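Open the structure in your viewer and keep the selection tool at hand. Each stop below says what to select and what is there.

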Amino acid sequence: MIINGVEMKGLAVEHAAGLADVLTRNRAAMAPYEPLRSEAFYTEAGQLARIEGMLEERDGGRLVPYVFVEVRSGAVVGAMNLGSIALGPLCSGGVGYWIDRAWHGKGLATAGLAEVLRAARQDFGLHRVEAQTLIDNHASIRVLAKNGFTEIGLAPRYLHINGAWRDHRLFQRVLHDEAPSA
């Protein structure tokens, strides 16, 4: 999928340097929304180790990681994942995403999430996808709303973000009501 000159594609080890670069450039902007990270996280080696772990989860059927790559330059400008995939009677997964600050407002997260929801239903047979966001992350809440998510609750002190336990709003998108595959 290509939108505004950016392609969403499956995460691969060759994205390590690009991820380290974009995460370093966006470190201050992302700090209010992210856990505290070690210095190693912002290096190519740190991202390579992280990617290798994510690909193991992918191969285990629990995670589908994507990156957003600018077609012209090859620069990584964001990431999205469908994770915590559980089949059986739950048929559910969770989604997370971030976009380079320079690319905010260009529809990447909204279009990428629509594609992930399509894959969640058609490729994985999921019944629902959930998302959580800090209570004041209005940009993320707009992306979720544009993709048909509904708020289902509040989780006090849900995740340790930027050095403290933070409240999160919980959302879900029900994809279908068919019975799970036997």
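How far apart are the mean positions of the positive and negative charges of the chain? To find out, select the 19 positive and the 20 negative charges; their mean positions are 6 Å apart. Keep in mind throughout that this is a predicted model.

**Stop 1: the whole chain**

Show the chain as a cartoon. There are 5 helices and 8 strands. Following the sequence from start to end, you pass them in the order β-β-α-α-α-β-β-β-α-β-α-β-β. The radius of gyration is 16 Å, close to the 16 Å that the globule rule gives for 182 residues, so the chain is as compact as a globular protein of that length.

Turn the view along the principal axes. The C-alpha atoms fill a box of roughly 45 × 35 × 30 Å. Now switch on the surface: the accessible area of the chain is about 9,600 Å², and carbon and sulfur atoms account for 52% of it. Of the 182 residues, 41% are buried. Among contacts between residues at least 6 apart in sequence, 61% join residues at least 24 apart.

**Stop 2: the largest nonpolar core**

Hide the surface and select F68, L82, V95, Y97, L113, V129 and F149. These belong to the largest nonpolar core, which has 29 residues, and they touch the most other members. Which elements give two or more residues to this core? Colour strand 2 (6–10), strand 3 (64–70), strand 4 (76–86), strand 5 (92–99) and strand 6 (128–134), then add helix 4 (108–122) and helix 5 (138–146). Helix 4 provides the largest share, 7 residues.

Next, centre the view on V95. Leaving aside neighbours within four places in sequence, V95 is in contact with M80, N81, L113, V116, V129, E130, A131 and F149. Apart from this core lies another one, of 17 residues; L11, L19, V69 and W98 are among them.

**Stop 3: helix 1**

Select residues 16–25, which form helix 1. Which residues of this helix are buried? They are A16, L19, A20, V22 and L23. Show their side chains and look at what surrounds them: these buried residues pack against helix 2 (27–30), helix 3 (44–59), strand 3, strand 4 and strand 5. L19 has already appeared on this tour, as a member of the core of 17 residues.

**Stop 4: V67**

Move to V67 in strand 3. Is V67 buried or exposed? Its relative accessibility is 1%, so V67 counts as buried. Select its contacts, leaving aside neighbours within four places in sequence: E7, M8, K9, G10, L11, H15, L19, V76, G78 and A79. L19 in this list is one of the buried residues of helix 1.

Now draw a distance line from V67 to W165. The two are 98 residues apart along the chain, and their C-alpha atoms are separated by 28 Å.

**Stop 5: the loop between strand 5 and helix 4**

Go to the loop between strand 5 and helix 4, where you will find H104 and K106. H104 has a relative accessibility of 49% and counts as partly exposed. K106 is also partly exposed, with a relative accessible area of 37%.

What is K106 in contact with, once its neighbours within four places in sequence are left aside? Select I3 and N4 to see these contacts.

Two distance lines can be added here. From K106 to A79, C-alpha to C-alpha, is 15 Å, with their positions 27 residues apart in sequence. From H104 to N147 the C-alpha atoms are separated by 17 Å, and these residues are 43 apart along the chain.

**Stop 6: two positive phi angles**

Finish with the backbone. Select S84, which is found in strand 4. S84 is not a glycine, although its phi is positive, at about 50°. S84 is exposed, with a relative accessible area of 52%.

Then select R157 in strand 7 (residues 150–161). Phi of R157 is near 50°, again a positive value in a residue other than glycine. With a relative accessibility of 58%, R157 counts as exposed.

Conventions: Residues are numbered from 1 along each chain as its sequence is written. This is a predicted model: local features need pLDDT of at least 70, side-chain atom pairs count only at pLDDT 80 or more; totals for chains, interfaces and linings use all residues. Side-chain values use heavy atoms; hydrogens and water are left out. A nonpolar core is a set of buried Ala, Val, Leu, Ile, Met, Phe, Trp, Tyr and Cys residues joined through side-chain atoms within 4.5 Å. Buried means under 20% relative accessible area, exposed over 50%, partly exposed in between (1.4 Å probe, protein chains only). Helices (H or I, at least four residues) and strands (E, at least two) are DSSP runs, numbered from the N terminus. Contact means heavy atoms within 4.5 Å. The radius of gyration is taken over C-alpha atoms; the globule rule is 2.2 Å times the number of residues to the power 0.38. Accessible areas come from the Shrake-Rupley method with a 1.4 Å probe; for residues, only the protein chains shown count as cover. Lys and Arg count as positive and Asp and Glu as negative; His and the chain ends are not counted. The place of a charge is taken as NZ of Lys, CZ of Arg, CG of Asp or CD of Glu.
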